[in-house]
Amino acid sequence: MALSAPRRHFGTHEVGNQPPSRGDCDLWQGDIALRDAVFREGGRAEVIAAYGKAMGSAGMRQAGQDANRHGPELVLFDPGGRRLDEVHFHPAWHRLMQTSLGAGYAGIAWDGTEGGHVTHAAMVYLASQTEPGHCCPMTMTYAAFPALAANPKLATVWQPRLSARDYDPSTRPIAEKSAATLGMAMTEKQGGSDLRSNATSAVTEGDYYRLTGHKWFCSAPMSDGFLTLAQAPGGLTCFLVPRWLEGERNAIHIQRLKDKLGNRSNASAEIEYHNAIAYRLGDEGAGVRTIIEMVHHTRLDTALAPAGLMRGALVAAHHWAIHRSAFQKRLIDQPLMQAVMADLVLDCEGALALGMRVARSFDGTAPEDRAFARIGVALAKFLGNKRCPVVTYEAMEVLGGMGYIEETGQPLYYREAPLNGIWEGSGNVICLDILRTLAREPLAAECLRAELDAATGSDRRYDAALKAHAERWPGLPPEGEARWFAERTALLLTASVLIRAGVATVSDAYVTTRIAGERGHVSGAMRAPVPQELLDRI
């Protein structure tokens, strides 16, 4: 049955000059840059196309709004005073999780088919446009899969359920479940990113350990288990802590849910282990080396998520600009608005192109792939997340006062924008990791240089900038210049990917504004007129 149109005639006024509802949007068909990147980097187009259509529907966008409006609820006790330590969610959250996990978000990279990580990366990008909060537990589930290989017995039980195209939120032991999710609990009050200062203790008890300690930040406390670090007799060690045991709940006590700036649909918590049962992953004393495999893969997602947030905010702003008029002209037809929009396109496409190129290296099996993945993902994460708050703010401003209103969706993108730059290594941590990687892994430096050199000969401005970069930093920069070095290296790497992608309008504008510096400091401060081809890519 067709729905009646909303009323626009009132006793005091008539509603006009307001954009229509966006309705169902196909996030795959409407995004030429994504399609180009998927075909270029070897992703599974049919899977991404189906997911993009599903996530762009009006119903899924509404589910995203509902999940953020009705956030998770902590339920510590049952009516009789017995501990539950559960997190309850609105039905919209479960719909999002079922759709994304059912499509393969967490498992497709591990099913043995070609282009799995590229496909997964595209799904992160798409999911972030609709509802970014539910990405957190799915990203950790995806990233935990390879870390479990450190204990083949555990891997046999857990890996098939982590990679299953299903969603099972029931409170049952892992052996009774069709699918599972994993969270992570590493950070403690006294250490933050300094994981080696963790004080949680682990005592052996037969085939397992007993953990006691407080974790200041536990991501996705409703998960079926957590990767965590604790001090065993042999040193800092990685463990898998299951939530549900046979006949009882593990002694994981949730203290409180974090009241976060954004990411409000997703639960994050403080927890305590009270003699909780845990199983060792890897050798005692090798905890950081074991869990870094998970962190490495979560960083891929924190590099793609900002690209998705920027794209979502830009598309919403563009919809407003093409339907809203001011001073007898559509906003999109006004030169200043065109400059802002075109500039934001470059940030979005640059982040997407670099992120997808890095994702292809995760699919590779050669030592060179592994080396480039390590340095490339750090550079992509750093640059994309530094641009994301700027882009989401500018997209919000396009709508004027309406941009500050929750119904437009722009505040959600803006609140989410800082998150991926903070989680899985904040800016300074990432910069230090970049320097450490280049110092300790000669192959990573060699692969990075090859990627940068691959674009030479096409644009003299890029060539000159690359030469100046090498002259400015013939070796590693001093620590105090690490941010400058990381930003410049990431910009050059992005330009290299865009130049080789062959879309001259995009690469030329990117080199002009980001490499040659022919622009001002704020968004839209660029040479006029802007190419219409850039606006056509929104």
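Is G312 buried or exposed? I looked this up before anything else: at 4% relative accessibility, G312 counts as buried, where buried means under 20% relative accessible area, exposed over 50%, and partly exposed in between, with a 1.4 Å probe and protein chains only.

**Basis of the entries**

I note that this is a predicted model, in which local features need pLDDT of at least 70 and side-chain atom pairs count only at pLDDT 80 or more, while totals for chains, interfaces and linings use all residues. Residues are numbered from 1 along each chain as its sequence is written, and side-chain values use heavy atoms, with hydrogens and water left out.

**G312 and A395**

I placed G312 in helix 8 (residues 287-323); helices (H or I, at least four residues) and strands (E, at least two) are DSSP runs, numbered from the N terminus. Setting aside neighbours within four places in sequence, I found G312 in contact with Q129 and Y413, contact meaning heavy atoms within 4.5 Å. I also looked up the pair G312 and Q410, which are 98 residues apart along the chain and whose C-alpha atoms are separated by 8.6 Å.

Q410 came up again when I turned to A395, which sits in helix 10 (residues 367-398) and is buried, with a relative accessible area of 0%. Not counting residues up to four places away in sequence, A395 touches A313, L314, A317, L344 and Q410. From A395 to V340 I read 8.8 Å, C-alpha to C-alpha, across 55 residues of sequence.

**Helix 9 and the loop after it**

Helix 9 (residues 335-363) has 29 residues, and its first and last C-alpha atoms lie 42 Å apart, close to the 42 Å expected at 1.5 Å a residue; the expected span is 1.5 Å times one less than the number of residues. I find 25 of the 29 residues of helix 9 buried, so this helix is largely enclosed by the rest of the structure.

The loop between helix 9 and helix 10 holds G364, which is partly exposed, with a relative accessible area of 27%. I looked up its distance to V203 as well: the C-alpha atoms of G364 and V203, 161 residues apart along the chain, are separated by 39 Å.

**Helix 3**

For the twelve residues of helix 3 (residues 58-69) I expected a span of 16 Å at 1.5 Å a residue, and the end C-alpha atoms are 16 Å apart, which agrees. Which residues of helix 3 are buried? I list M60, R61, A63, G64, D66, A67 and N68. The buried residues of helix 3 pack against helix 2 (45-55), helix 4 (91-103), helix 5 (116-130) and helix 11 (410-416).

**Helix 13 against helix 14**

At what angle do helix 13 (residues 427-440) and helix 14 (residues 442-453) pack? I read an angle of about 105°, with the axes 5 Å apart; axes are lines fitted to C-alpha atoms, for helices over the stretch in contact, and angles run from 0 to 180 degrees between N-to-C directions. Helix 13 and helix 14 are therefore roughly perpendicular to each other, given that angles under 35 degrees count as roughly parallel, over 145 as roughly antiparallel, 65 to 115 as roughly perpendicular and the rest as oblique.

On the helix 13 side I noted T437, L438 and R440, which meet P442, A444, A445 and L448 in helix 14.

**Cysteines**

I found zero disulfides in the structure, a disulfide being a pair of cysteine sulfur atoms within 2.5 Å. For C25, the nearest cysteine sulfur is that of C348, 16 Å away. For C348, which is in no disulfide either, the nearest is that of C388, at 8.6 Å. I also recorded C348 as buried, with a relative accessible area of 7%.

**Backbone entries**

D85 has a phi near 50°, a positive value in a residue other than glycine. I located D85 in strand 2 (residues 83-88), and it is buried, with a relative accessible area of 5%.

A220 likewise has a positive phi, near 60°, and is a residue other than glycine. I located A220 in the loop between strand 5 (208-219) and strand 6 (225-232), where A220 is buried, with a relative accessible area of 0%.

My last entry is the peptide bond from A528 to P529, which is cis, with omega near -5°. P529 belongs to the loop between helix 17 (504-515) and helix 18 (532-535).
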